[in-house]
Every structure is written in C-alpha cells, then in structure tokens.
Amino acid sequence: MSEQIENIVVLDFGSQYSQLIARRIRECRVYSRILPFSASAAEIAALKPRGVVLSGGPMSVYAPGAPQCDPEIFNLGVPVLGICYGLQLMIHTLGGVVSPGTRREYGKTRLRVRESSGLFAGVKKETTVWMSHGDKVTKLPPIPLDVLADSDNTEYGAVKFRGRELYGIQFHPEVVHSEEGRTIIGNFCGHICKCTGNWTMASFIEQAVKDIRAKVGDEQVILGLSGGVDSSVAAALIDRAIGDRLTCIFVNNGLLRKNEEKRVQDLFGRNFKMKLVYVDASERFLARLSGVAEPERKRHIIGNEFVKVFDEAAAGIPHATFLAQGTTYPDVIESIPIDGNPAAMIKSHHNVGGLPKEMKFKLLEPLSRLFKDEVREVGRQLGLPEDVVMRQPFPGPGLAVRHPGAVTKETLDVLRDADEIVVDEIKKAGLYHKIWQTFAVFVPVRTVGVMGDERTYDYVIAIRAVDSSDGMTADWVPLPYDLLGRMSSRIINEVRGVNRVVYDITQKPPGTIEWE
Ligand code: XMP
C-alpha cells in the first residue's frame with residue numbers, strides 16, 4: 001500500500017457496525033482498516049493513520065472481561081473518535097465512571113447540537129441520530145471536556161476533551177437512521193483528521209497493478225473463474241497487470257444457470273481475450289450426484305469434485321506458481337468472538353466451491369482490501385459490463401442448493417428455464433439491482449392441475465426474492481402481485497413439466513436463503 005494513501009484505523013470492540021464504520025470512512029475517500037480492539041498503540045502507529053475510531057460493542061465497559069484498548073492510543077498524537085462503547089471506554093480509560101442507566105435509549109433520538117463546527121460542521125442544530133445504549137457517563141474524567149451535543153436522555157451526546165483531539169459520540173453516525181451521520185464522519189475525516197480524500201478506485205487500480213507485477217515477477221498465475229463479481233474483477237485486474245501470464249479456469253459443474261458457460265466464455269475469452277480454460281465437467285458432477293438427496297452430502301461431493309477437476313486443469317498449466325482468488329475484505333477481517341456480537345457468527349458452509357489451503361500455490365488476492373461496492377467500482381473501471389459487476393450472489397454449489405433431493409439433468413433443465421424467466425422478469429421490472437437475490441427453486445413434488453381439457457401431474461416451482469446486506473439475515477421481498485403473476489404464467493406456459501408456482505415468504509432466520 002502506497003505510503004501516500006491516507007488511512008484511518010477502526011478498532012473493533014465487537015460491534016455489528018464496525019464494517020459499516022470502515023465503509024463510511026471509505027465513502028469519504030479515506031482508506032480505513034479494521035483492527036481487533038487488542039491492537040497495541042505501537043502496531044497502530046506503524047500504520048501511520050490520520051485518525052483512530054473506537055467502534056461500539058455489545059458489552060458494558062464496567063463488565064468483567066469487557067474489551068479494553070491500549071491507553072497509549074490516546075497519546076499517539078492523532079485524533080480519536082469513540083462511538084457509543086468507544087465513547088464510554090474513552091471516559092472509563094481516562095479516569096471517569098460509566099454506570100448502568102435507568103432507561104435504555106434505543107432507536108431514533110433528537111440530538112441538540114451546541115456548536116455547528118468541527119465534528120458538527122454543517123449539521124443542523126437539531127438532528128435525528130440512532131442510539132443504542134443502556135449505560136451512562138456518571139462521573140467525568142479529570143481532563144476537562146466540552147459537551148458538543150446532548151439529547152433528552154443523554155447529557156453527553158457528543159464530547160471533546162479540551163486541548164486534545166479526542167472526541168466521543170454516544171450515537172451511531174454510521175447507520176442510515178442518523179440523518180446527518182455521513183456529514184459527521186466526513187467532518188471527522190476532513191476537518192479533524194485533515195484527510196484530503198485520495199483513496200479512489202483509480203488510485204487503487206494503479207497501485208494494485210504495480211503490486212501484482214512486483215509480486216508475480218515473470219511467473220504464471222491461474223485463477224478459478226466462477227462468473228461471479230469477485231473472481232471476474234480479480235481476473236480483469238490481474239489481466240491488466242500481467243496479460244497472458246494469467247490463465248483462468250472455468251469449470252462447468254452442470255449446476256450453472258442457463259447459458260452461463262457461454263456468457264463467461266464470450267466475455268473473458270472473446271472480449272477480454274484472456275487465456276481461458278473451459279472444463280465441461282457437468283457429466284462427471286451429475287454422475288457423482290446421481291441418487292444423492294441428503295443436502296450435506298451433495299455439498300460435500302460438489303466441493304470435493306471441484307477440487308479434483310480444478311487440480312487436473314491446473315496440472316495442464318505446468319509453470320503456474322500463483323493461484324489468484326477474489327477474496328475480499330470482509331473475508332479477511334479477523335472476527336472478534338465477543339458475547340452477543342452477531343457479527344462473530346461464522347458462515348461455515350460458504351467456502352464450498354473454494355480450494356483447500358494445502359494447494360501448492362502461492363496466493364494472489366488483489367481484492368483483499370476492498371469492500372464489495374469497491375470491488376464493483378474497480379470492475380467498472382476495468383471495463384466489465386454492468387451485468388457482471390452488479391450480478392446477484394450465486395452459491396458455489398450452484399443450482400444443487402435450489403433443488404432439494406437428488407438432481408438430474410432433466411430436472412435441472414426445468415429449474416434453469418424457470419430461473420431464467422424469474423431473472424428476466426425481475427430485470428424488466430427494474431428490480432434486479434435493488435434486491436439481494438432473486439431466483440427459482442425446483443420443488444420435487446408433483447401436484448395435479450388442468451391445462452386445456454387435460455389433467456396434468458407436474459412439478460412445483462417456488463420463487464424466492466430476498467433482501468439482505470450480508471446474507472446473514474434476510475427478509476423476503478413483497479414483489480408486486482402483477483410481477484409475480486407474470487412470472488407464474490410465463491413459467492407455466494413456457495416451462496414443460498411445471499404446473500404450479502408458489503412464492504416463498506420465509507425470513508432468515510428461521511429459514512435460510514437457499515433451500516439447502
Ligand atoms: P443461506 O442459504 O445460508 O445463504 O441463507 C446465505 C448466502 O450465502 C450463499 N450461499 C453460498 N455461497 N457457497 C457459496 O459460495 C455455498 O455453499 C453457499 N450456500 C449459500 C447464498 O446464496 C446466500 O447469498
């Protein structure tokens with residue numbers, strides 16, 4: 001990372017919003033990284049940050065085992081902003097007292113701003129913010145402080161220690177419910193940390209190209225291309241850096257969406273002119289999956305088979321020493337196992353379709369510093385079409401997890417045809433980019449119907465549309481009835497073998513997004 005790129009460190013105390021804080025800082029064109037709360041002041045200083053943010057957290061600062069920070073952080077000579085738990089920790093560490101409050105303050109609150117300058121420059125005198133805390137500052141530390149804002153329930157809504165660049169706010173500026181939260185974070189980055197905002201995706205690409213060239217030297221790289229956003233952008237970036245010393249391997253596991261193999265070959269092989277090895281292993285996967293209905297066994301078979309197929313294809317590229325992957329920042333942030341932190345839950349099965357760690361390659365992960373929205377922007381700047389950079393997530397085990405029971409080529413084709421209609425209609429309605437995932441599910445149940453004068457006995461297709469920000473929780477989307485109606489009649493008219501369409505209205509939890 002170039003020394004000239006300004007950065008701010010976010011210390012994570014287990015808040016579900018830590019990544020959001022980092023993203024908001026990056027929206028101000030300032031690079032931010034998340035470190036665990038235990039990072040020492042010396043480790044932080046080594047990164048030469050322009051400022052430090054202490055995140056919120058699920059615990060109370062006075063609770064046994066509550067996460068603390070290295071007190072030397074307050075003497076680094078860079079501005080510090082404590083958010084919620086971060087504010088309370090600052091007070092506690094600097095000699096004040098935080099105690100349980102009599103009332104929890106949760107949700108939208110009116111904040112009264114006393115001084116519309118510095119942290120609150122350009123912010124209205126009364127503004128709505130999002131609060132989520134039960135503790136209160138009951139004794140101030142010996143260092144004098146100024147109160148910058150308060151609310152009906154919180155005397156110390158925002159504070160600044162006099163003569164020091166130490167700020168604390170009780171509310172969460174990173175969530176959208178804080179109406180001027182972005183301005184406040186922007187003020188911290190600009191007015192207080194004096195950042196000019198030089199973190200752009202153009203500067204990232206320029207630096208990443210140099211870094212990839214330096215790391216790879218004159219060696220060869222292989223990359224498993226899935227057609228998804230991350231591997232596609234990684235391929236385009238590495239292609240920009242080293243051209244035909246990159247070989248992409250694209251495996252057709254027989255569980256892809258309709259025409260996906262053609263789309264990938266057209267875009268990367270023909271348009272981008274990358275070296276692309278296309279492996280049609282569909283029959284091999286389907287043979288191994290034949291008769292297997294148990295969901296975990298299906299996943300296991302698909303994962304194992306993928307590794308074998310990929311290994312064989314890689315062996316055909318004898319001088320490859322690097323394996324490139326589209327790993328992104330959320331995959332590498334150390335998760336903090338703090339009680340009550342939903343962000344610490346691990347998605348155990350989601351590495352299916354990945355490669356085992358013991359492969360003999362050196363790893364190249366050029367997107368590992370980027371959040372998803374940044375990956376998309378890099379893709380756009382590298383010339384990938386909107387259709388690829390805005391693609392909805394698609395699971396590694398493919399249509400197998402949208403097809404309960406044993407898969408066959410015939411039933412997968414039914415699913416592919418129905419899925420294509422669902423996606424086509426959602427795109428025509430202008431909703432594809434607004435929804436996390438929209439797809440069809442094959443329900444292996446036959447029901448009776450009538451078509452014309454004939455009795456039918458055919459399969460069921462379920463439509464699933466969910467909104468989510470990270471796949472961990474999700475809400476079903478109330479799609480307009482006329483849209484559902486169009487999907488249903490097209491599926492029944494155009495897809496042979498289906499005579500009934502249903503809509504899945506299950507949240508996650510308790511349901512999962514995929515059916516298996
Ligand atoms: P679930 O079904 O667990 O899915 O609610 C959450 C998100 O993860 C995706 N998903 C997977 N992605 N390999 C992947 O790469 C997998 O095995 C896998 N299983 C689920 C799913 O599409 C959703 O976005």
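This report covers salt bridges, a parallel sheet with its helices, and one helix pair in a predicted model.

## Salt bridges between separate parts of the chain

The whole structure holds 41 salt bridges. Three of them are described here, with their places in the chain and their exposure.

Arg110 pairs with Glu126. Their closest N and O atoms are 3.3 Å apart. Arg110 sits in strand β5 (residues 97-113) and Glu126 in strand β6 (residues 126-139), so this salt bridge ties together parts 16 residues apart in sequence. Arg110 is partly exposed, at 41% relative accessibility. Glu126 is partly exposed too, with a relative accessible area of 39%.

Asp504 forms a salt bridge with Arg464, again with 3.3 Å between the closest N and O atoms. This pair links distant parts of the chain, 40 residues apart. Arg464 belongs to strand β16 (residues 454-467), while Asp504 lies in the segment after β18 (498-503). Are these two partners buried or exposed? Asp504 counts as buried, at 8% relative accessibility. Arg464 is buried as well, with a relative accessible area of 0%. Both values fall under the 20% cut-off for buried residues.

## A salt bridge within helix α14

Arg490 and Glu494 form a salt bridge with a closest N and O separation of 2.8 Å. Both residues lie in helix α14 (residues 481-494). They are four residues apart, about one turn of the helix.

Arg490 is partly exposed, with a relative accessible area of 22%. Glu494 is also partly exposed, at 46%. The pair is part of a wider network. Salt bridges with shared partners connect Arg490 and Glu494 to Asp424, Glu425, Lys428, Asp482 and Arg486.

## The five-stranded sheet

Five strands make an open sheet with parallel pairing. Their order is β12-β11-β10-β13-β14. The edges are β12 (275-280) and β14 (362-364). Each edge strand has a single partner, so one side of each is left without a neighbour in the sheet. On average, neighbouring strands are turned by 30° against each other, direction ignored.

Strand β11 (residues 246-252) runs parallel to β12, and six bridges join the two. In one of these, Cys248 has Leu276 of β12 as its bridge partner.

## Helices against the sheet

Which strands does helix α5 lie across? Helix α5 (residues 201-216) lies across β10 (220-224), β13 (320-324) and β14. The helix runs at about 170° to β14.

Helix α7 (residues 260-271) also packs on the sheet. Its contacts are with β11 and β12. The direction of α7 makes about 165° with that of β12.

## The α8–α9 pair

Two packed helices are described by the angle between their axes and the distance between the axes. Helix α8 (residues 282-289) packs with helix α9 (residues 295-315) at about 150°. Their axes are 10 Å apart. The angle makes α8 roughly antiparallel to α9, since angles over 145 degrees count as such. The crossing of α8 past α9 is right-handed.

Which residues of α8 make the contact? Arg284, Phe285, Arg288 and Leu289 do so. On the α9 side, the contact is made by Lys298, Ile301, Ile302, Glu305, Phe306, Lys308, Val309 and Glu312.

Terms used: Residues numbered from 1 in each chain as written. Predicted model: local features only at pLDDT ≥ 70, side-chain atom pairs only at ≥ 80, totals over all residues. Heavy atoms only, no water. Salt bridge = Lys/Arg side-chain N within 4 Å of Asp/Glu carboxyl O. Buried < 20%, exposed > 50% of the residue type's maximum accessible area, 1.4 Å probe, protein only. Pairing = 2+ DSSP bridges. Axes fitted to C-alpha atoms, helices over the stretch in contact; angles between N-to-C directions. Contact = heavy atoms within 4.5 Å. Parallel < 35°, antiparallel > 145°, perpendicular 65-115°, else oblique. Left-handed = near helix turned anticlockwise from the far one by under 90°.
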